Amino acid sequence: AGRRGGCSAMSLRERSPGGAVEAGEDAAAALAEPDGPDRCLSLLPWDRFSAWLHCVCVVGFDLELGQAVEVIYPPHSKLSDKEKTNICYLSFPDSNSGCLGDTQFCFRFRRSPGRKVSLCCFLDQLDRDLPVYLKKDPAYYYGYVYFRQVRDKSLKRGYFQKSLVLISKLPYVHLFRTMLKQIAPEYFEKSEAFLEAVCSDVDRWPPPIPGKILHLPIMGIIMKLRIPTHRDKPGTTPIVQNIHQADAQISVALPTVHEVDLFRCFCPVFFHIQMLWELVLLGEPLVVMAPSPSESSETVLALVSCISPLKYCSDFRPYFTIHDSEFKEYTTRTQAPPSVILGVTNPFFAKTLQHWPHIIRIGDIKLPGEVPKQVKVKKLKNLKTLDSKPGVYTSYKPYLNKDEEIVKQLQKGVQQKRPTEAQSVILRRYFLELTESFIIPLERYVASLMPLQKCISPWKSPPQLRQFSQDDFMKTLEKAGPQLTSGLKGDWIGLYRHFLKSPNFDGWFRSRQKEMTQKLEALHLEALCNENLVFWSQKHTEVETVDLVLKLKNKLLQADREQLPVKTDTLKKLQTHINDIILALPDDLQDILLKTGTT
């Protein structure tokens, strides 16, 4: 019986959170070394590939069918008919865009439900280490596109039109853009065999572990990058050094995996950045009307990122077309426009979405050689067509007074020909400080809803968080509001009231609630570990002791399932308590309890 108890302890320990991390590291090692000793994890072919990409598609133009998916690689990749249709239409620019040559952009579309992932647990483990704004949304895929349109007299249409598309759950825009730049031009020359070689390279990549310097070989070059972790200080990006390799392979260091060129994107609406920050923060319906998918997608991604480190919790579509499966849902006039940011290029949308409250019209994104002139916010009724002048069309009145300093700083940068990367750093820091000034009072108030540690008793259920009270929170703002960290004046109270009704607040609060509830569960586990449970069981009936053992086993399983923030030592200690209690019971009960809850 004692030996079986040890077995039971081992099997549960392996499934504890501490064990899960170790298993995750084993999986990482197995993924990193295709032929390493960790093949016992039964990794399937294409598991490493699946950690980064769902599949690669080639979309071409057929005279009879129109846009069609010509190739899906690896061939076993599953895409529903609806997903294929969305990929077809979203992988080509609208005909009016007139994109001759090569164009890169990205889109986002809803995933069909009910698909399983072979590496699900391991990938979830990696997801937990990411900053909240980089966590995967299981309901969506990203499509990263390299589109080529060139004249070709040998074809009936007179043009060669094709897109190479990477489908992924990961929002690593810069990484996949860089990868496509490396592989797409060569693919258009070499075709299918080349694509197979590309996918084989990806299937040798190490897993996307946050915080590690990763080396990703792709067709003769090595991309070096680091995925951020939730422990990184917001606004800091550890630099990946470009070291000269001793071998012949060229190394490309990526400064970021996910960021877009913020300054370049916001240039056309330079004077309205603070108002746009408010609109995104509040989850207001926003349309970006642009001349091409590359401009629409980059601007939408820039808008979504401007409230970082807060996660934008509503839907956003970097490139949206009239063929999209959500077109009717998002353009209906029978209800108010939804909380969503759409990037569009088709002139038809100027008419279809003219009832939307906030429209950003941008022309070709060019970096200004001179200081942009002051542009007033335009009235919505003046937006008749997509040819309307660039600007922001809205009747929204910002809650906060305008920060003239940032405008002057960026204007000075334009005059001094400061590099766009440096301008983007200034702008990103400005948005970060603004968001942090706004969110710190909320963080402080929500932390006060946590029960005191002395309220946690091992013999009672963990205490509940106190309810969020809007009135109580508003009272804290007088002494501990954003004025402590921001010099901006304005109606902060009005901004908070509006924010508390938004999807972004709902998403943020749910996430904080979950973290704090898990912390309470972890503290409750620690309190149980510090009790003399064997002594307690000796003073109680067998029925009560069995009940306690089952409850403790459930606690261990919960710690594993929910990845509670508990030390591995605590879990080992609890497992030892369980074994000691079981061994003090009669043999028949020992047999039953050792079998229960270990499978």
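How many cavities of 30 Å³ or more does the count come to? In this predicted model, the count comes to two, and the second largest of them appears in the first of the close-up views below.

**View 1. The lining of the second largest cavity includes residues of helix H9 and helix H13.** This cavity has a volume of about 30 Å³, and its lining consists of Phe270, Phe271, His272, Ile273, Gln274, Lys402, Asp403, Ile406, Val407 and Tyr430. Helix H9 (273-281) and helix H13 (404-415) each supply at least two residues of that lining, which by class has six nonpolar, two polar and two charged residues.

**View 2. Five strands form an open sheet with antiparallel pairing.** The strands follow the order S2-S1-S5-S4-S3. Strand S2 (66-73) and strand S3 (101-110) stand at the edges with a single partner strand each, so one side of each is left without a neighbour in the sheet. On average, and with direction ignored, neighbouring strands of this sheet are turned by 25 degrees against each other. S3 is joined to strand S4 (residues 140-151) by 10 bridges, and Arg110 stands opposite Tyr140 in S4. Helix H6 (residues 173-190) packs on the sheet, where it touches strand S1 (55-62), S3, S4 and strand S5 (159-168), and its direction makes about 40 degrees with that of S4.

**View 3. Helix H14 packs against helix H16.** The angle between H14 (residues 420-447) and H16 (residues 492-499) is about 75 degrees, with their axes 12 Å apart, and the two helices are therefore roughly perpendicular to each other. Leu434, Ser437, Phe438, Ile439, Pro441 and Leu442 in H14 meet Trp492, Leu495, Tyr496 and Phe499 in H16, a contact with nine nonpolar, one polar and no charged residues.

Conventions. Residues numbered from 1 in each chain as written. Predicted model: local features only at pLDDT ≥ 70, side-chain atom pairs only at ≥ 80, totals over all residues. Heavy atoms only, no water. Axes fitted to C-alpha atoms, helices over the stretch in contact; angles between N-to-C directions. Helix = DSSP H or I, 4+ residues; strand = E, 2+ residues; numbered from the N terminus. Parallel < 35°, antiparallel > 145°, perpendicular 65-115°, else oblique. Contact = heavy atoms within 4.5 Å. Nonpolar A, V, L, I, M, F, W, Y, C, P; charged D, E, K, R; others polar. 1 Å grid on protein atoms, 1.4 Å probe; cavity = no way out; pocket = protein on both sides within 12 Å on 5 of 7 lines; lining within 4 Å. Points joined across faces, edges and corners; volume = space filled by probe spheres on them. Pairing = 2+ DSSP bridges.
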